[in-house]
Amino acid sequence: MSDPRFELTASPHLKGGATTRRIMWSVTGSLVPIVAAAAYFFGLSALLVIAAATAGAVLTERVFGTPGSLGDGSAAITGVLLGLCLPAGMPMWMAFLGGAFGIGFGKLIFGGLGQNVFNPALLGRAFLQAAFPTAITTWPAAGGSFTQLRGDNFALPLMRASSDAVTEATPLGLMKFEATSTPVGDLFMGSTAGSVGETAALLILLGGAYLAIKRYLDWRIPVAIFVTVAALSGILTAIDSTYPGPLFMLFSGGLMLGAVYMATDPVTSPVTRRGAWIFGVGVGALVVVIRVWGGLPEGVMYAILLMNAMVPFINQATQPRVFGRSGDGMVTA
Amino acid sequence: MILRSGFRHGVHPADSKHLTENVPIRRMGFPTEVVLPLRQHAGKPARVLVARGDKVERGDKIAAADGFISAPVHASATGTVAGVELWPHPDGSMAEVVRVTVERYSPQIPRPRLVPRWEGLSPEEVVKAVQEAGVVGLGGAAFPTHVKLSPPPDADVELLIVNGAECEPYLTTDHRTMAEYPERVHFGTRVMMQCLGVDRAVIGVEKNKPDAIDVLTATIPDDLDITILPLTVKYPQGAEKMLIKAITGREVPSGKLPMHVGVIVQNAGSIATIAEVFETGLPLVERIVTVTGPGVKRPSNLVVPVGSKLRDVLDFCGGLTDDVTEVLFGGPMMGAPQTDLDVPIIKGTTGVVVLTRAETERHPVYPCIHCGRCLDACPVFLNPQLLGSLAQVGRYEEMEASHLADCMVCGACSYVCPSNIPLSQMFSLGKAALQKMATKVA
């Protein structure tokens, strides 16, 4: 009898921990309650917008991506996240286009998963912001029946959208342009105007806590963002009480969704742990600067995109000190 | 001086030691043939002293040390030299061996006292006796022990660390040695302490071997300052530099030896072997090997004649199950896969681990997502993510500048990579490529 045949592989011969696929699908799974909340507050329209953005992202990945790359789940995350940061009344074709742009120009053009510089969902949103400034700032009020559409979701491309949905300004818009504050309790629970998925701070925090405990996201980034935003806005209110306070800053707009789900995208955030702190502080500071002094009521998207661009430099500046060497790489005496 | 500071980073694979941790050491019978490579140690291969047809007895020197950093090889069984030839070596190459046909019905009684008694020997005589007995480190690297026993005169060694971490999953060789032969561990420690002139020794044992910790603690000789130090279970604690860091808090500078920080480290099994050769008078002709893993029918801890073929050892353990995929020499984190059942067990073989499809399932490779897990795992604080991306495009000089030389290929980065990127394999290849370039230039 001949000997059995053995496999010849390089060490290590054991494998532990999570897989990229599991991480990606866990992130997607943790978004389900947030999507449900979006449907609760903004009805069917929210689901239509999220579905359209996801379809745009997934189809683009399917058509132009590496064969099989849909399975890693990253395109689906991009689509759902983009959908969550759009207003419920947005026409579906725009959301679809945003998803397609995010994947196509935000990710695939760089070489696919792991190669992109900017968060694809946010790049998709930035594109929509530039292309359709009115549609993306028309905010339906939260509440109302499930089936009532919050805008002309089924508008055809390039046609004038018609809608009689009730719209109102977002808490940040109210703050910026009318100097009116919104109760923090409403912000926490999500019953305010805004993008479909950014309003329920509580659910976003729960999803983030789950992912952080599973070590699927780096907790340092959201913590650094929260602390920075709270500290800077605290200082500003102390100087001049007309500036919004820390709680309002933390729980309004896209900060929660951005800090927990967008800034923590491993591909577009620093690879070192020290770098994660710097990145988070940078995002937090930019958010406050844009919100308080910028022309826009909200600054989370641009804050994260700007810091995305800084990531290579942050990585370079925070390389670990090698064992038995000093910080500059020399052998210790 | 003893800080118990632990070491940072590292990984926690399941230790899987339950298969053999309570199985007492047994002796394997003599096989019909032993194959003794001339290269079983770090340094120059030994010079062969015998020729085909020569009769040898158990313990006879059949190859002499070639220089100081070298070790002799002894016949592990009485018999006839069947040939001096090339044979499959556990490192995957073909290497020169002495093949000995073992005499049937021989009682295998060794010649009386080939190694002198330790009592009354000067340190120089101890070093010589240890070299002549062919003693090398049994933890895997097989560094000649006598070299460790003779530090340069300007070295200021003050602490001996006995490495009983045995952090590789599955292996229980050192565990069983410490639990069953604590006196040998202490005697070997005494020999080394006297030789090195150090007053203090620490035996570091991971906490997953409580019986060994208890037995060693209970048997510390009254006149020796030996501390048994339980260590948290973490891979790769058994790596010399990690162990020194964990016990003393000192970092061995890159590229330097432990004696640079006043420490000598010796593996527990090797220390017991020093004691054994002085006790029995017989050179290193056998070693303790854990034969384990889900793919072997009767997992065992065995005393095996050096040079026994893998085939004979596996047969003695009841053979293999049907779903075996990999047979490793050493543990699953750093062990070397074997493809030929005729390879011999050599002095540096810590164990034979047989894995099945369930443990070695192939996972698809995804692109790097920059999650940073490899940076959190690397015990020497390299950036495997950066090194990996450089390796992928063959930028070896830049890998060198990013301190590839400090990588000890422990595999922690590959183990944790969620995208299943074979990082440590890429680093081995990078090291080989750089070495090739260096020799070309020279």
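1. In which sense, left-handed or right-handed, does helix 1 of chain A cross helix 8 of chain A? In this predicted model, helix 1 of chain A passes helix 8 of chain A in a right-handed crossing. The residues that meet are A:Ser26, A:Val27 and A:Ser30 on helix 1 of chain A and A:Gly207, A:Tyr210 and A:Leu211 on helix 8 of chain A. By residue class, this contact consists of three nonpolar, three polar and no charged residues.

2. The geometry of the pair formed by helix 1 and helix 8 deserves a separate remark. Helix 8 of chain A covers residues 201-213, and its axis lies 9 Å from that of helix 1 of chain A, at an angle of about 160°. Because angles over 145 degrees count as roughly antiparallel, helix 1 of chain A is described as roughly antiparallel to helix 8 of chain A.

3. A second helix pair in chain A joins helix 5 (residues 120-131) and helix 13 (residues 300-317), whose axes are 10 Å apart and form an angle of about 125°. Helix 5 of chain A is therefore oblique to helix 13 of chain A. The crossing of these two helices is left-handed. Helix 5 of chain A contributes A:Leu122, A:Arg125 and A:Ala126 to the contact, and helix 13 of chain A contributes A:Met301, A:Ile304 and A:Leu305. Five of the residues in this contact are nonpolar, none is polar and one is charged.

4. The contact between the chains should be considered next. It involves 38 residues from chain A and 53 residues from chain B. On the side of chain A that touches chain B, the largest share, three residues, comes from helix 1 (residues 20-30) of chain A. The residues on that side of chain A comprise 16 nonpolar, 14 polar and eight charged.

5. Chain B contains an open sheet of three strands in the order 3-5-6, with antiparallel pairing. Strand 3 (47-48) and strand 6 (73-74) of chain B stand at the edges; each has a single partner strand, so one side of each is left without a neighbour in the sheet. Strand 5 (residues 61-64) of chain B is joined to strand 6 of chain B by two bridges. B:Lys61 has B:His74, in strand 6 of chain B, as its bridge partner.

6. Chain B also has an open sheet of six strands, ordered 1-14-13-17-15-16, in which the pairing is mixed. Its edges are strand 1 (25-27) and strand 16 (336-338) of chain B, each with a single partner strand, so one side of each lacks a neighbour in the sheet. From one strand to the next, the twist averages 30°.

7. Which strands of the six-stranded sheet does helix 3 of chain B touch? Helix 3 (residues 173-180) of chain B packs on the sheet and touches strand 1, strand 13 (286-292), strand 14 (300-305) and strand 17 of chain B. The direction of helix 3 makes about 120° with that of strand 13 of chain B. Within the sheet, strand 15 (residues 324-329) and strand 17 (residues 351-356) of chain B pair in the antiparallel sense over five bridges. B:Glu326 has B:Leu355, in strand 17 of chain B, as its bridge partner.

8. Finally, the domain assignment of chain B gives domain 1 (17-21 + 119-280) and domain 2 (373-441). Their centres, taken over C-alpha atoms, are separated by 30 Å. Five residues of domain 1 of chain B are in contact with five residues of domain 2 of chain B. On the domain 1 side of this contact, four residues are nonpolar, one is polar and none is charged.

Key:
Residues are numbered from 1 along each chain as its sequence is written. Chains are lettered from A and ligands numbered from 1 in the order in which they are written. This is a predicted model: local features need pLDDT of at least 70, side-chain atom pairs count only at pLDDT 80 or more; totals for chains, interfaces and linings use all residues. Axes are lines fitted to C-alpha atoms, for helices over the stretch in contact, and angles run from 0 to 180 degrees between N-to-C directions. Helices (H or I, at least four residues) and strands (E, at least two) are DSSP runs, numbered from the N terminus. Angles under 35 degrees count as roughly parallel, over 145 as roughly antiparallel, 65 to 115 as roughly perpendicular and the rest as oblique. A crossing is left-handed if the near helix is turned anticlockwise from the far one by less than a right angle, and right-handed if clockwise. Two residues are in contact if their C-beta atoms, placed from the backbone, lie within 7 Å. Ala, Val, Leu, Ile, Met, Phe, Trp, Tyr, Cys and Pro count as nonpolar, Asp, Glu, Lys and Arg as charged, and the others, Gly among them, as polar. Domain bounds come from an automatic or database domain assignment. Two strands pair if DSSP finds at least two bridges between them.
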